[in-house]
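Here is a short report on cores and sheets. The sequence and model come first.

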Amino acid sequence: MSAAQPLTPPIAANHIHKWLRAWYASAGGEVPDAVDLGVVQQMLPDTPYGQGVKVIKPPQALDIASCEGSLVRNPDDTTEWGIFYNPKASQERRRFTVAHELGHFVLHRSQKPRFNCDKESVYSGADTVKGIEREADDFASNLLMPGDLLRAWLSQQSVDLHLLSTIAQRFQVSFEALCIRFIKFTELRAILVYWDNGFLKYEWRSSSAIRTRARIRRNGDPAEPPSGTLAADADIAQERDGLDLSAAIWCPEEASHMRVREFKHSYTARDRVLTLLILESAEPRAWDRSWQDRESLNSYDQFGSR
């Protein structure tokens, strides 16, 4: 007998999407592009993920400067849970926070009765805290931005910041959240870099970029944008169409003839900048020459040779 499949954030989110689709289908409708978290919050106690819980109370605003949101068990009734969010956050940020807390409910509520969450814990918290915060973020990303819709909307289109912004609006998530989801989802060699007051705060690399060892140039600790890039040009706030550069400017281990398309998004105060890099597909390694043998064959030749 095989061991039970561990419950990961994407698996949990995918199960909830199946239940949502069944629920909407029974009512003669379809799940909206922007998932209704109120429906999820009401539905969960009646699913296998809500065993022993009677109710998750509707999210409430709570002005708590130290965190973005909380998931709390009622100390007087252990079958009741409540979610709180920071009312000063944007609407998109609140949606992500509520989805994040629902992730704690599904994945972690057996571990402790209260979760106080802030954005920094995802990057700089203790390992245990960082681990569960990233899982809750991963759950929220998969719940709010399901992969099948993302694949359909991205397919056969050139990726630029216009397209990613439009998709973020359809999902009702922040532009940054959509960009991170894109990096985790795409098969392209892509890197997302977040600059805070001119210094690197974090970066995300796609699985393809990791496999091909594409890394951005580090010129210090903390690092600043490499000279000659859009990120380093204070006169350019936005570049949504992208600009082609030599990949070696950003990634020193790339061959000199390889290209990268750099996109730039600056926030209103320009103290925070997002850089999206989409690298040209990697070449076969020098010791792998088998691709040359196939170069003259088209699909008909391959079919006919069988």
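A nonpolar core is a set of buried Ala, Val, Leu, Ile, Met, Phe, Trp, Tyr and Cys residues joined through side-chain atoms within 4.5 Å; buried means under 20% relative accessible area, exposed over 50%, partly exposed in between (1.4 Å probe, protein chains only). The model is predicted: local features need pLDDT of at least 70, side-chain atom pairs count only at pLDDT 80 or more, and totals for chains, interfaces and linings use all residues. Residues are numbered from 1 along each chain as its sequence is written, and side-chain values use heavy atoms, without hydrogens and water.

The largest nonpolar core holds 61 residues, and Ile16 and Leu164 have the most contacts inside it. Leaving out residues up to four places away in sequence, Ile16 touches Val40, Met43, Leu44, Tyr49, Val106, Phe139 and Leu143 (contact: heavy atoms within 4.5 Å). Another core, of 18 residues, lies apart from it; Ala209 and Leu277 are among them.

One open sheet has four strands, ordered β1-β3-β2-β4, with mixed pairing. Strands are DSSP runs (E, at least two residues) and helices likewise (H or I, at least four), numbered from the N terminus; two strands pair if DSSP finds at least two bridges between them. A second open sheet runs β6-β5-β9-β8-β7, with antiparallel pairing. Its twist averages 20° from one strand to the next.

Helices pack on these sheets. Angles run from 0 to 180 degrees between N-to-C directions of axes fitted to C-alpha atoms, for helices over the stretch in contact.

| Helix | Strands touched | Angle |
|---|---|---|
| α3 (residues 91-108) | β1, β2, β3, β4 | about 150° with β3 |
| α7 (residues 161-171) | β7, β8, β9 | about 140° with β7 |
| α8 (residues 175-185) | β5, β6, β8, β9 | about 150° with β5 |
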